[in-house]
Amino acid sequence: MTLILKIDPLNPEIDKIRLAAEVIKKGGTVAFPTETVYGLGANAFDGNACLKIFQAKNRPVDNPLIVHISDIEQLYEVASEIPDKVLELAQTVWPGPLTFILKKTEKVPKEVTANLDTVAVRMPAHPIALQLIRESGVPIAAPSANLATKPSPTKAEDVIADMNGRVDVIIDGGHTFFGVESTIINVTVNPPVLLRPGPFTVEELRKFFPDLIIPEFAEGKREAEIALAPGMKYKHYAPSTKLIVVENREILDQVIKLVSQKYKVGLLLSKELAEKYKGYPTLVLGSDENLYEVARNLFDSFRELDKLNVDIGIMVGFPEKGIGFAIMNRARKASAFSIVKKIEDVYKYVSL
C-alpha cells in the first residue's frame with residue numbers, strides 16, 4: 001500500500017516531511033519532487049534499501065544512482081579526493097541541477113554505484129527534497145521515479161501511474177521546475193567529461209571548465225558502453241509509441257505528408273509550428289522563444305503521445321543552445337536514435 005502525501009512545494013509541512021523521513025530511516029522508499037524531475041529515494045548508506053529502488057523501477061543494477069545531499073558537510077561523507085575547483089563550484093551553484101562524478105567513500109555501498117569506485121552526487125534545489133534529506137539524517141540515493149525506459153515524471157500523477165503499489169510513499173509536490181534531469185559531469189578525469197546535459201548548460205560549464213569534453217553519447221547520438229551515471233547506457237525517456245525526430249525543419253512538411261500516407265501520426269511541435277498543422281493530433285511543447293518551457297513539457301508530452309492513439313510520433317528538433325542541448329539529448333534517446341536530417345532518412349526508421 002503506497003501512502004500519498006500532498007505537500008506544499010514552497011512551504012513544506014514539516015509533519016508530513018517527517019512521516020516520509022521515518023520511512024527512509026527504516027529502509028523504505030519515497031518518491032519526491034526535485035527541481036528537475038521526481039526522484040525515487042532510499043537511504044544512500046543502506047544497500048538493501050537501495051535495491052528496492054531497482055526492483056520498483058525494473059532498473060538494471062549496473063545503472064548507478066545519484067546521491068542527493070542537503071549540505072556540503074554531507075559531500076565529504078559520500079565523496080573523496082574532491083578537487084578544490086570542484087568544491088568551489090559546488091559551493092557556488094548548489095543547490096542546483098548539477099551532478100558531479102567523484103571518487104566514493106567506503107560508506108557508499110556498491111548497490112548505489114553499480115560496483116564502481118565513483119559516485120554521482122548533487123544537492124537538489126527544491127524545498128521538499130532538501131527538507132526530506134535533512135529530516136532523514138542521511139543522503140538519499142535516487143534515480144527518476146518512473147518505470148525503467150519510461151519518460152521521467154515531472155508531476156505526481158505520472159509517479160502514481162508508474163509507482164503506486166511499488167513504493168512506500170509518494171510525495172505530491174506539484175509540477176517540477178525544469179522538467180529534465182540534472183547535468184552530470186565527470187570530474188575524476190582531466191579534462192572533465194560531460195556525461196549528461198541538463199538545465200545547467202554547456203555554456204555555463206565552459207566558464208568553469210573551458211576544456212570540457214563532450215562525447216557523442218552526451219549529444220544523444222549513441223549509447224555509452226559503461227554507465228558511469230544515469231542516462232548513459234540504456235534506452236531512456238521513451239514513449240511506447242514509435243517516435244522519430246526531424247532535426248531539419250525545412251523537410252518537416254515533407255516528412256509529415258510522407259509518413260501520414262500510411263500511418264496515423266501525432267506531432268510534437270513548437271507553439272509557432274503547431275499553428276500550421278491543425279489537421280493532425282498535435283502536442284505543443286512550448287515556444288521556440290522559450291526552450292525552458294519546451295524542456296518543462298517534454299516528458300509530459302512523451303507520456304501524452306501514448307494517449308493519442310497514433311502509430312508514429314513526429315517531433316521537431318530544437319536549436320542545441322542552452323537547455324536545447326539537453327532537450328535534443330532526451331529526444332534522440334527517446335526515439336532510439338531515429339534522427340531525420342534528410343528525407344531519405346525516414347525510410348531507415350519507418351516501413352513505407
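The buried residues of helix 12 are Gly-324, Phe-325, Ala-326, Ile-327, Met-328, Asn-329, Arg-330, Ala-331, Arg-332, Lys-333 and Ala-334, and this list is a useful place to enter the structure, which is a predicted model. Because 11 of the 11 residues of helix 12, which spans residues 324–334, are buried, the helix is largely enclosed by the rest of the structure. What do the buried residues of helix 12 pack against? Their partners are strand 11, helix 8 (202–208), strand 12 (242–246), helix 11, strand 15 and strand 16 (339–340). After helix 12 comes Ala-336, a residue with a positive phi near 55°.

Several of these partners can be followed further, beginning with strand 12, which is mostly covered, since 4 of its 5 residues are buried. Strand 12 runs parallel to strand 15, and 5 bridges join the two, while its pairing with strand 16, also in the parallel sense, extends over 2 bridges. A reader who wants to find these pairings in the model can look for Val-246, which stands opposite Val-316 in strand 15 and opposite Val-340 in strand 16. When looking along such strands, it helps to remember that in a regular strand the side chains alternate between the two faces of the sheet.

From here we can turn to the nonpolar interior. The largest nonpolar core has 57 residues, and those with the most contacts inside it are Leu-75, Trp-94, Leu-98, Phe-100 and Leu-102. A second core, separate from that one, has 43 residues and includes Ile-244, Val-255, Ala-295 and Ile-327; Ile-327 has already appeared among the buried residues of helix 12. Returning to the largest core, which residues does Leu-102 touch, if those up to four places away in sequence are not counted? Its neighbours include Leu-75, Ala-79, Ile-82, Pro-83 and Val-86, and also Asp-117, Thr-118, Val-119, Val-121, Val-187 and Thr-188.

Trp-94, which is one of the residues with the most contacts in the largest core, also takes part in an unusual piece of backbone. As background, most residues other than glycine have a negative phi, and most peptide bonds are trans. The bond that joins Trp-94 and Pro-95, however, is cis, with an omega of about -5°, and Pro-95 has its place in the loop between helix 4 (84–93) and strand 6 (98–104). Another cis peptide bond leads from Asn-190 to Pro-191, where omega is near 5°, and Pro-191 is found in the loop between strand 10 (183–186) and strand 11 (193–196).

Two asparagines have a phi of positive sign. Asn-115 has a phi of about 70° although it is not a glycine, and it lies in the loop between helix 5 (110–113) and strand 7 (118–122). Asn-309, with a phi near 60°, has its place in the loop between helix 11 (291–305) and strand 15 (312–316). Are these residues buried or exposed? Asn-115 is exposed, with a relative accessible area of 62%, and Asn-309 likewise counts as exposed at 62% relative accessibility.

Near the start of the chain, Thr-2 lies in the segment before strand 1 (3–6). Its relative accessible area is 10%, and Thr-2 is therefore buried, the limit for that word being under 20%. The side chain of Thr-2 reaches the backbone nitrogen of Gly-165 at 2.7 Å, and a polar atom of that side chain lies 2.6 Å from the backbone oxygen of Val-167. Leaving aside residues up to four places away in sequence, Thr-2 touches several others, among them Met-163, Asn-164, Arg-166 and Ile-170.

Finally, we can step back to the chain as a whole, whose secondary structure comes to 13 helices and 16 strands. Its radius of gyration is 20 Å, close to the 20 Å that the globule rule gives for 352 residues, so the chain is as compact as a globular protein of that length. The C-alpha atoms fill a box of roughly 60 × 50 × 35 Å along the principal axes, and 59% of the 352 residues count as buried. Among the contacts with a separation of 6 or more, 68% are accounted for by residues 24 or more positions apart. The accessible surface of the chain comes to about 13900 Å², and 51% of this belongs to carbon and sulfur atoms.

Definitions and conventions: Residues are numbered from 1 along each chain as its sequence is written. This is a predicted model: local features need pLDDT of at least 70, side-chain atom pairs count only at pLDDT 80 or more; totals for chains, interfaces and linings use all residues. Side-chain values use heavy atoms; hydrogens and water are left out. A nonpolar core is a set of buried Ala, Val, Leu, Ile, Met, Phe, Trp, Tyr and Cys residues joined through side-chain atoms within 4.5 Å. Buried means under 20% relative accessible area, exposed over 50%, partly exposed in between (1.4 Å probe, protein chains only). Contact means heavy atoms within 4.5 Å. A polar contact is a pair of N or O atoms within 3.5 Å; within protein, one must be able to donate a hydrogen and the other to accept it, and residues adjacent in sequence count only if both atoms are side-chain atoms. The radius of gyration is taken over C-alpha atoms; the globule rule is 2.2 Å times the number of residues to the power 0.38. Accessible areas come from the Shrake-Rupley method with a 1.4 Å probe; for residues, only the protein chains shown count as cover. Two strands pair if DSSP finds at least two bridges between them.
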